[in-house]
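Here is a short briefing for a first look. Keep the sequence and the structure side by side as you read.

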Amino acid sequence: MAQLPPGIRFITSFSRDQWYRAFIFSLTFLLYASFHLSRKPISIVKGELHKHCASQVELDSYKEYAAQIQPVKKPFNASQCGWEPFDKSNYKQLLGALDYSFLCAYAVGMYLSGLIGERLPIRYYLTGGMLASGLFTAMFGLGYFYNVHNLWFYIMAQIANGLVQTTGWPSVVTCIGNWFGKGRRGLIMGVWNSHTSVGNILGSLIAAYWVSTCWGLSFVVPGVIVAVMGVVCFLLLIERECFSHGGLLLLKLCPCLESFFPEHCYVWYFISDPKDVSCSCTPSSHGGEANISTEFVVSSKTFLNGASRCRIQMPTLNAKENGKPQ
């Protein structure tokens with residue numbers, strides 16, 4: 001038989017679980033980088049929202065020069081000192097209001113997001129947050145195209161965006177923690193956390209590209225990117241519950257399950273805090289195929305679906321390697 005090419009040997013040298021981990025690492029990296037990408041435009045666009053007005057002498061000289069050349073039609077959004085209402089003398093307070101409205105909403109929303117996120121599937125929760133974040137990020141930029149000059153429109157866009165942005169961090173951290181556990185968490189989180197810088201760099205480049213010509217696109221384009229990544233999250237994010245408190249406790253109580261870890265994570269998916277668990281693992285054989293019949297007896301309160309007994313029969317991966325059940 002011909003020898004496999006080096007590339008195929010490299011691919012097959014990793015298990016399915018290892019490939020899943022690499023995929024989740026990359027996917028969550030991109031997902032949260034897109035969150036940071038959408039937060040950066042406001043700091044870039046501030047210089048366009050309020051332009052430093054020229055002195056009166058400079059304006060008079062410019063008017064004399066402009067009278068001698070062919071007049072150019074003034075764009076509907078052009079303003080001598082920026083974009084109304086940020087072209088006033090109190091522009092610093094108004095621009096500051098955009099910042100602290102986002103930050104206050106983010107601080108409050110982070111607390112609420114943790115409580116809500118624990119009760120919802122990560123994939124749905126993160127997808128909803130990214131779609132909403134894309135909507136409210138683009139909403140700020142739509143003020144340019146619809147010629148909106150109401151301060152509260154921009155403040156409300158910032159508040160809403162701050163609230164929905166809080167869905168990102170608890171979700172991705174939970175997902176990456178469930179897949180990698182505690183063994184190499186320091187190394188994994190150190191490398192993975194660089195998504196912050198990557199997102200900020202990309203957000204700055206996108207916003208800077210459009211800020212001088214059409215600053216509305218500095219928000220609309222990142223908003224579209226976040227929304228698209230939300231769809232990607234819904235289609236591709238793989239949840240894993242194996243490293244939850246209940247899952248680890250059951251694995252200790254039922255060592256015979258270790259042979260099936262992590263392919264049969266759903267065994268303890270519904271168990272939140274199994275304080276009263278008894279486990280029996282009985283080897284059996286049916287049709288020449290080795291099986292392990294595992295029975296859990298759990299107090300009714302620990303089962304989220306209301307059941308009190310769960311009996312599952314699973315084929316062993318290799319009867320010789322598994323040995324005798326404990």
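How far apart do the end C-alpha atoms of residues 152–180 lie? They lie 44 Å apart, and the span is 93% helix and 0% strand. Keep in mind that this is a predicted model. The points below go from the annotated spans to the surface, then to rings and charges.

**Annotated spans**
- The UniProt record, an unreviewed entry, carries the annotation "transmembrane region". It covers residues 19–37, 94–112, 124–146, 152–180, 192–211 and 217–238.
- Residues 152–180, the span in the opening question, are among those covered.
- Residues 124–146 are another of these spans. There the chain is 96% helix and 0% strand. The end C-alpha atoms of residues 124–146 are 32 Å apart.

**A nonpolar patch on the surface**
- Phe23, Tyr124, Leu131, Val231, Phe234, Leu235 and Leu236 form a nonpolar surface patch. Together they have about 650 Å² of accessible area.
- Two elements give two or more residues to the patch: α6 (122–145) and α11 (217–236).
- Helix α11 gives the largest share, four residues.
- Leu236 is found in helix α11. This residue is partly exposed, with a relative accessible area of 41%.
- Phe234, also in the patch, has a charged neighbour. Arg123 lies over the face of Phe234, at 4.8 Å from the ring centre.

**Aromatic rings**
- The structure holds 20 aromatic pairs.
- One of them joins Phe10 and Phe14, with ring centres 5.1 Å apart. Their planes stand at 80 degrees, so this pair is edge-to-face; the cut-off for that class is over 60.
- Phe14 counts as partly exposed, at 34% relative accessibility.
- Tyr32 and Trp169 make a tilted pair: 5.3 Å centre to centre, with 55 degrees between the planes.
- Why does the pair of Tyr32 and Trp169 tie together parts that are far along the sequence from each other? Tyr32 lies in helix α2 (residues 16–39) and Trp169 in helix α8 (residues 168–180), so the pair links parts that are 137 residues apart in sequence.
- Tyr32 is buried, with a relative accessible area of 2%. Trp169 is partly exposed, with a relative accessible area of 30%.
- One aromatic cluster is formed by Trp83, Phe86, Phe140, Tyr144, Phe145, Phe153, Tyr154, Trp215 and Phe219.

**Salt bridges**
- How many salt bridges does a search of the whole structure find? It finds five.
- Arg21 and Asp17 form one, at 3.1 Å from N to O. They are four residues apart in helix α2, so about one helical turn separates them. Are Arg21 and Asp17 buried or exposed? Both are buried.
- Glu48 and Lys51 also meet in a salt bridge, at 3.3 Å from N to O. Glu48 counts as buried, at 18% relative accessibility. Lys51 counts as partly exposed, at 34%.
- Glu84 and Lys88 meet in a salt bridge too, at 4.0 Å from N to O. Glu84 counts as partly exposed, at 38% relative accessibility. Lys88 counts as partly exposed, at 37%.
- Salt bridges with shared partners join Glu84, Asp87 and Lys88 into one network.

Conventions
Residues numbered from 1 in each chain as written. Predicted model: local features only at pLDDT ≥ 70, side-chain atom pairs only at ≥ 80, totals over all residues. Heavy atoms only, no water. UniProt positions renumbered as here; feature names shortened; annotations may be inferred. Patch = residues over 30% accessible without salt bridge, like charges linked within 9 Å, V, L, I, M, F, W, Y side chains within 5 Å. Areas by Shrake-Rupley, 256 points an atom, 1.4 Å probe, with all protein chains shown as cover. Salt bridge = Lys/Arg side-chain N within 4 Å of Asp/Glu carboxyl O. Buried < 20%, exposed > 50% of the residue type's maximum accessible area, 1.4 Å probe, protein only. Phe/Tyr/Trp six-rings, centres within 6.5 Å; stacked < 30°, edge-to-face > 60°. Lys NZ or Arg CZ within 6 Å of the ring centre and 35° of its normal.
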